[in-house]
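Hi,

Here is the structure I promised to pass on. Have a look first, and my notes on the empty space in it follow below.

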Amino acid sequence: MQTAGKKDTKPPKPLPPPNSDFYQLAETLPPDELATLRQVRSFMESKVAPIINKYWVEDSFPFELLPGIKDLNLGGLGIQGYGCRGGSALLAGLVAMEMARTDASIATFFGVHNGLAMGSINLAGSEEQKKKWLPPMARFEKIGCFALTEPLVGSGTSGGLMTTAKKEGDTWVLNGQKKWIGNSPWCDISIIWARDVADNQVKGFIVENKTTPGFSVEKIQNKFALKVVQNGLITLKDVRLPEENHLQAGAQTFRDTARVLRQTRYGVAWEATGCQMGAFEHTLKYAQERLQFGKPIGSFQLIQDLLAKMLANVTACQCLVVRTAQLDDQGKMTDAQAALSKAFTTAKCRETVAWGREIFGGNGISIDYSIGRYFTDAEALISYEGTSQMQNLILGKAISGLSAFV
Ligand SMILES: Cc1cc2nc3c(=O)[nH]c(=O)nc-3n(C[C@H](O)[C@H](O)[C@H](O)COP(=O)(O)OP(=O)(O)OC[C@H]3O[C@@H](n4cnc5c(N)ncnc54)[C@H](O)[C@@H]3O)c2cc1C
């Protein structure tokens, strides 16, 4: 209070720092797993955040971060044995969320290697295949990708894969193309899904990218989302593989592919939740600092309405994915539950990042303010690992008992 002749020297009350874990969900982890999560946050904030916009602009992958990622000792997170990190589904999810809170591309790089590539070998590989491939992948000595989508077949992969696998004696011969494959322009191992011409079933194969004749990759250029992830168009021309490279325990039909996708699509739900957290925190900080009409824009009612709705979206998504992980940890998660989580969180993510971008005004379209990165990355999350329409068709079939798939 100011009295005549005497100035009030009391400093202004400090504003609360942005906190996107409003219901303290990270604290539901046991202390050792919480410590891992804190380590991931520290790495993402100190090493990734300062450099990621530069790589986003350049459309390139920050290889300089790989030693630090390796040191986090997260290889094989959620996979038990075979030199893998192990840990609960909840920890694996919260790590994906934490990575995406800083950058969805880094979360995607990790999710493709750990969830899709290692996950396929873990779910569909034989004991020998797991012993051979998982330990070097857990140590990040070999990086993997997962190749299902094709130039002409995306949503319809369950019935229409055009890449073929033909058995000739003890050798499989693969021909075809795979599009959009994350990490493929530079990684070491591809999990290739192909249709066996003998029984028309989809089967999985492990291909060593750098040493297999007939295997080539072209980097996909001119993306505007997840620009840091390198996506490729793979061409397989008479690629010859021994039977030991055919995923042997499962991977005899598309049902095995779907088992992998069930896990990883709700991994995308975690990423979509993290992407919103980062957008919310950047936006709130900006709203606290940016002055218009002589006041912080965060003090305007219409801005507070948007901030409150952003945090409500974030929190609803967090509660949903935490429950999905609990079901997963109990071995009870269904395809429809994973599909609902992916469809809902990505839709809310699109809404949240758009409100954030709006609050940044003109600065919202400059990459220098980061919010544009969250805004564009959200678009890729909507489409990959099954579009929203595909997720809702899976859910619709489960709840109605009626299939609307064509
Ligand atoms: C950044 C990025 C990374 C990716 N990474 C990988 C990867 O690592 N590995 C991999 O295998 N794939 C990857 N993909 C591919 C991704 O999974 C596909 O893009 C996705 O499954 C959709 O397939 P599509 O693009 O061919 O779209 P389409 O299948 O052609 O669909 C186009 C539109 O039609 C709708 N549609 C299709 N069928 C129906 C229907 N029956 N009813 C209603 N609507 C329908 C879709 O929902 C969509 O809106 C990636 C994609 C992106 C963008």
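**Pockets and a cavity**

Lining the second largest pocket are 33 residues, and those nearest its centre are Leu77, Ala92, Asn114, Gly115 and Gln263. A pocket here is an open set of points on a 1 Å grid over the protein atoms alone, with protein on both sides within 12 Å along at least five of seven lines, and lining residues have an atom within 4 Å of a point. Two or more lining residues come from each of helix H4 (89-102), H5, H8 and helix H9 (301-329). H5 is the top contributor, with 11 residues. (Helices are DSSP runs of H or I with at least four residues, strands are runs of E with at least two, and both are numbered from the N terminus.)

Before going on, some housekeeping: this is a predicted model, so local features need pLDDT of at least 70 and side-chain atom pairs count only at pLDDT 80 or more, while totals for chains, interfaces and linings use all residues. Residues are numbered from 1 along each chain as its sequence is written, and side-chain values use heavy atoms, with hydrogens and water left out.

Back to that second largest pocket: it holds about 680 Å³, where a volume is the space filled by probe spheres set on grid points joined across faces, edges and corners. Its lining splits into 15 nonpolar, 14 polar and four charged residues. For these classes, Ala, Val, Leu, Ile, Met, Phe, Trp, Tyr, Cys and Pro are nonpolar, Asp, Glu, Lys and Arg are charged, and the others, Gly among them, are polar.

The largest pocket has a volume of about 1500 Å³. It is lined by 46 residues, and Gly154, Thr157, Leu261, Glu385 and Gly386 are the closest to its centre. Elements that supply two or more of the lining residues include helix H7 (157-160), strand S3 (171-182), helix H10 (335-359) and helix H12 (388-400). Which element gives the most to this lining? That is H8, with seven residues. By class, the lining has 22 nonpolar, 13 polar and 11 charged residues.

There is also one cavity of 30 Å³ or more in the whole structure, a cavity being a set of points where a 1.4 Å probe fits but cannot get out. Its volume is about 50 Å³. Asp59, Lys219, Ile220, Gln221, Asn222, Lys223, Lys227, Val229, Gln230 and Asn231 line the largest cavity, which makes two nonpolar, four polar and four charged residues.

**One residue and the whole chain**

Pro185 sits in the loop between S3 and strand S4 (189-196). Beyond its neighbours within four places in sequence, Pro185 is in contact (heavy atoms within 4.5 Å) with Val217, Lys219, Gln230, Asn231 and Gly232. Lys219, Gln230 and Asn231 also appear in the cavity lining. Pro185 counts as partly exposed because its relative accessibility is 31%; buried means under 20%, exposed over 50%, and partly exposed in between, with a 1.4 Å probe and protein chains only.

Overall, the protein has 12 helices and nine strands. Buried residues account for 52% of the 406. Its radius of gyration is 23 Å, which agrees with the value near 22 Å for a compact globule of 406 residues; the radius is taken over C-alpha atoms, and the globule rule is 2.2 Å times the number of residues to the power 0.38.

Cheers
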